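Here is a quick tour of two sheets and one serine. Have the model open while you read.

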Amino acid sequence: MKQLTLILFAFVIGTSAKSQTDYTKSLSGIEWVKIESKSDIILKTHSADELLIKNSRSSEVSQRAKGLRLIGEGGSDNTDVGFYVVQDGNTLIVKNLRKNDEGEIYLPKDQNVSVKSTWNGDIEMSGFHGEIEADAELNGSIEILDARGPVTANALNGEINVVFGKVNQDSPISIYTTNDEVDVTLPSDTPSDLVMSTTNGDIYTDFELTREEKDGLKSMSGRKVKATINNGGVNISLKSTNGTIYLRKK
């Protein structure tokens, strides 16, 4: 019995070879980090000026793949954690080559980040103060928490939730999904010029809106609202074709 147990233990160890090392790369001279993935992507902040990709427990390599290199669209694994990373000028390109394993990535909070989900993956980001671009091209949703820089977010079939810690007044904000809901929370004292529109949904807010007037008349359309809050400021566009829009204050 003891011999059988040892054989089984050796077999389990032999069928997988798991790297225990996370991947890191300096961000010196990097202005943008552009990330692409077919599966879920989770972005968090840390204090180091480097890219950190956490090694996933589920990214164990089978015995058959031992000694071989993972390849995917646009590159091959040069990180030993299932990602392809390459620098192009002042841009760092990061691609998750695994279709079913989520990626957990850490960057400094002031880093400009562009992240794209190309299949069913969701995008989750928290704590970033730089410029944010998020694009869920097919079925993924987008959640951005404690954003402080300009945000551009687009989705096709997923919802978009964004909570701003502070709204940068220097660049416009644009959030659009075709077939789901948009839910945005702003600090209550945010000055903004707003455009909110939906074709087949409704629009809800608890902000006091000052409606745009034309020839002394205020627009009352429920599908498209142009208004200011707190005497106007940065342009914010919230749009959905087939979903409802929620604009909240905190």
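A polar contact here is a pair of N or O atoms within 3.5 Å, and within protein one of them must be able to donate a hydrogen and the other to accept it. Keep in mind that this is a predicted model.

With that cut-off in hand, look at Ser37. A polar atom of its side chain sits 2.9 Å from the backbone oxygen of Ser39. Ser37 belongs to strand 3, which covers residues 32–37. Is Ser37 buried or exposed? Its relative accessibility is 1%, so Ser37 counts as buried. Leaving aside residues up to four places away in sequence, Ser37 touches Asn96, Lys116, Ser117, Thr118 and Trp119.

Now for the sheets. Strand 3 turns up in an open sheet of 11 strands, ordered 9-10-3-12-14-16-18-26-20-25-22, with mixed pairing. At the edges stand strand 9 (83–88) and strand 22 (210–211); each has a single partner strand, so one side of each is left without a neighbour in the sheet.

Another open sheet, also mixed, has 10 strands in the order 2-5-11-4-13-15-17-19-27-21. Its edge strands are strand 2 (23–26) and strand 21 (203–205), each pairing on one side only. From one strand to the next, the twist averages 10°.

Here is one parallel pair from each sheet:

| Strand | Partner strand | Bridges | Residues opposite each other |
|---|---|---|---|
| Strand 17 (residues 160–164) | Strand 19 (residues 182–186) | 4 bridges, parallel | Ile160 and Val182 |
| Strand 18 (residues 173–177) | Strand 26 (residues 234–240) | 5 bridges, parallel | Ile175 and Leu238, bridge partners |

Key:
Residues are numbered from 1 along each chain as its sequence is written. This is a predicted model: local features need pLDDT of at least 70, side-chain atom pairs count only at pLDDT 80 or more; totals for chains, interfaces and linings use all residues. Side-chain values use heavy atoms; hydrogens and water are left out. Helices (H or I, at least four residues) and strands (E, at least two) are DSSP runs, numbered from the N terminus. Buried means under 20% relative accessible area, exposed over 50%, partly exposed in between (1.4 Å probe, protein chains only). Contact means heavy atoms within 4.5 Å. Two strands pair if DSSP finds at least two bridges between them. Axes are lines fitted to C-alpha atoms, for helices over the stretch in contact, and angles run from 0 to 180 degrees between N-to-C directions.
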